[in-house]
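Subject: Handing over a structure, with notes

Dear colleague,

I am passing this structure on to you, and since you have not met it before, I have set out below what was found in it. Please have the sequence and the model open as you read.

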Amino acid sequence: MNELQVIQNKIYEIRGQKVMLDYDLAEMYGVETSQLKRAVRRNIIRFEGEDFMFELTKAELSRCQIGTLNGGRGSNFKYMPFAFTELGVAMLSSVLRSETAIEINRGIMRAFVAIRQMIAENSPLNRLSTLEKNFNELKQDLEDIFADYNDINEDTRAQIEAINTTLAELQARPSAKPRRPVGFIRPKE
């Protein structure tokens with residue numbers, strides 16, 4: 001798996017936002033999670049608002065796609081993880097100033113952009129507009145077919161009426177001369 005796919009697999013959807021968790025980011029940056037959290041808390045003003053970062057609750061952590069909390073000792077989180085949005089990850093590069101952090105941030109930004117493009121290409125709006133276009137084309141085709149069918153019916157009706165009129169005229173005419181008998185005629189003796 002390439003680097004972009006590894007990063008995309010660490011992007012979760014929580015509270016309707018695409019986020020990365022602090023322990024995944026710490027692992028990628030090559031620092032301990034506690035060190036990353038300390039740096040964020042020292043610069044908390046940069047991360048104000050849920051559009052940058054928010055702390056998960058136990059309920060969210062237990063029902064999200066990351067995993068579930070176990071009942072045993074030491075298996076639960078002592079501190080709830082931070083979830084960083086795309087803006088929060090971008091802000092992390094100003095807090096963590098190492099070369100590794102800058103390189104990793106570039107990759108993460110590319111992953112967020114790739115996910116956004118993938119969502120935009122497969123959005124229901126695009127599919128809906130395609131379906132609407134196909135429906136309108138089918139509707140137009142059906143209207144053309146029915147118009148042709150009606151034209152044929154009118155032509156056929158006109159021809160049948162002409163035949164009926166001609167037959168009625170022929171039946172109404174009295175025959176002026178006697179008809180010749182059909183068949184073998186015997187000579188008169």
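The largest pocket is a convenient place to begin, and it holds about 190 Å³ of space; please keep in mind throughout that this is a predicted model. Ten residues were found to line that pocket, and those closest to its centre are Asp22, Thr33, Ser34, Lys37 and Tyr79. Two elements, α2 and α3, each give two or more residues to the lining, and of the elements it is α3 that gives the most, with four residues.

Both of these helices also pack on the sheet, which is the next thing to look at. The sheet is an open one, built from four strands in the order β1-β2-β4-β3, with antiparallel pairing. Its edges are formed by β1, at residues 12–14, and β3, at residues 53–55, each of which pairs on one side only. From one strand to the next, the twist averages 45°. Helix α2, which covers residues 22–29, packs on this sheet and touches β1, β2 and β4 (82–84), while its direction makes about 55° with that of β2. Helix α3, covering residues 33–42, packs on the sheet as well, but touches β3 and β4, and its direction makes about 75° with that of β4.

If you would like to follow one strand pair in detail, β1 and β2 (residues 17–21) are joined in the antiparallel sense over three bridges, and within this pair glutamate 13 stands opposite lysine 18 of β2.

Turning to the interior, the largest nonpolar core has 25 residues, and those with the most contacts inside it are Leu25, Tyr29, Leu36, Phe84, Leu92 and Ile108. At least two residues of this core come from each of α2, α3, β4, α5 (86–95) and α6 (99–121), and α6 gives the most, with six residues. As an example of how these side chains meet, isoleucine 108 touches Ile7, Met20, Leu25, Met28, Tyr29 and Val89, when residues up to four places away in sequence are not counted. Apart from the largest core lies another, of nine residues, which include Ile14, Leu21, Phe54 and Met80.

With best wishes

Methods. Residues numbered from 1 in each chain as written. Predicted model: local features only at pLDDT ≥ 70, side-chain atom pairs only at ≥ 80, totals over all residues. Heavy atoms only, no water. Pairing = 2+ DSSP bridges. Axes fitted to C-alpha atoms, helices over the stretch in contact; angles between N-to-C directions. Contact = heavy atoms within 4.5 Å. Core = buried A, V, L, I, M, F, W, Y, C linked by side-chain atoms within 4.5 Å. Buried < 20%, exposed > 50% of the residue type's maximum accessible area, 1.4 Å probe, protein only. 1 Å grid on protein atoms, 1.4 Å probe; cavity = no way out; pocket = protein on both sides within 12 Å on 5 of 7 lines; lining within 4 Å. Points joined across faces, edges and corners; volume = space filled by probe spheres on them.
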